[in-house]
Amino acid sequence: AQPKKAPVAVEENEPNESVFLGNLSWNVDEDSVRAAFKDCGELSRIKFLEKDGQFMGKAFLDFDTVDSAKAAVAKNGED
């Protein structure tokens, strides 16, 4: 019998300017993302993730400050 491995402690990542978005509508575009997060701060980049040229329903948002990214994360669960 193989000994069980001890569970690895998950460390929280330090906050940074990047935010991951998942489960996005296939119809989402840059304008709608900017509108949804306009009250969080300045968005410096939106990177929609694709595989073989097809949108995957995921994106990374890069904000100008950590506080802006934190404000975006606080919107989790909103439409």
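1. A nonpolar core is a set of buried Ala, Val, Leu, Ile, Met, Phe, Trp, Tyr and Cys residues joined through side-chain atoms within 4.5 Å. In this predicted model, the largest such core has 14 residues. Val-19, Phe-37, Leu-43, Leu-61 and Phe-63 are the members with the most contacts inside it. At least two residues of this core come from each of β1 (18-21), β2 (43-51), β3 (54-63) and α2 (66-74). The largest share, four residues, is supplied by β3.

2. The strands should be described next. Three of them form an open sheet in the order β1-β3-β2, with antiparallel pairing. β1 and β2 stand at the edges, and each has a single partner strand, so one side of each is left without a neighbour in the sheet. From one strand to the next, the twist averages 20 degrees.

3. The pairing of β1 with β3 deserves its own entry. These strands run antiparallel and are joined by four bridges. Within this pairing, Val-19 has Leu-61 in β3 as its bridge partner. Both Val-19 and Leu-61 are among the core residues with the most contacts inside the core. The two faces of β1 differ in cover: Val-19 and Leu-21 make up the covered face, while Ser-18 and Phe-20 make up the uncovered one.

4. Which residues does Leu-61 touch, not counting residues up to four places away in sequence? The set consists of Glu-17, Ser-18, Val-19, Leu-21, Val-33, Phe-37, Leu-43, Arg-45 and Ile-46. Among them, Val-19, Phe-37 and Leu-43 are also listed with Leu-61 as the core members with the most contacts inside the core.

5. On the other side of the sheet order, β2 and β3 pair in the antiparallel sense over seven bridges. Leu-43 stands opposite Phe-63 in β3, and Lys-51 stands opposite Gln-54 in β3. The hairpin of β2 and β3 has two residues between the strands. In this hairpin, Asp-52 takes a positive phi near 55 degrees.

6. The aromatic residues form a separate topic. The count comes to four aromatic pairs. One of these, Trp-26 with Phe-55, is edge-to-face, at 5.7 Å centre to centre and 90 degrees between the planes. This pair links distant parts of the chain, since Trp-26 lies in the loop between β1 and α1 (30-36) and Phe-55 lies in strand β3, 29 residues apart. Ring pairs also link Trp-26, Phe-48 and Phe-55 into a cluster.

7. Are the partners of this edge-to-face pair buried or exposed? Trp-26 has a relative accessible area of 61% and is therefore exposed, the cut-off being over 50%. Phe-55 has 19% relative accessibility and so counts as buried, the cut-off being under 20%.

8. A final point concerns Ser-68, a residue of helix α2. Because its relative accessibility is 6%, Ser-68 counts as buried. Leaving aside neighbours within four places in sequence, Ser-68 is in contact with Cys-40, Gly-41, Glu-42 and Phe-63. Of these, Phe-63 is one of the core residues with the most contacts inside the core, and Phe-63 also stands opposite Leu-43 in the pairing of the strands.

Definitions and conventions: Residues numbered from 1 in each chain as written. Predicted model: local features only at pLDDT ≥ 70, side-chain atom pairs only at ≥ 80, totals over all residues. Heavy atoms only, no water. Buried < 20%, exposed > 50% of the residue type's maximum accessible area, 1.4 Å probe, protein only. Contact = heavy atoms within 4.5 Å. Pairing = 2+ DSSP bridges. Phe/Tyr/Trp six-rings, centres within 6.5 Å; stacked < 30°, edge-to-face > 60°. Axes fitted to C-alpha atoms, helices over the stretch in contact; angles between N-to-C directions.
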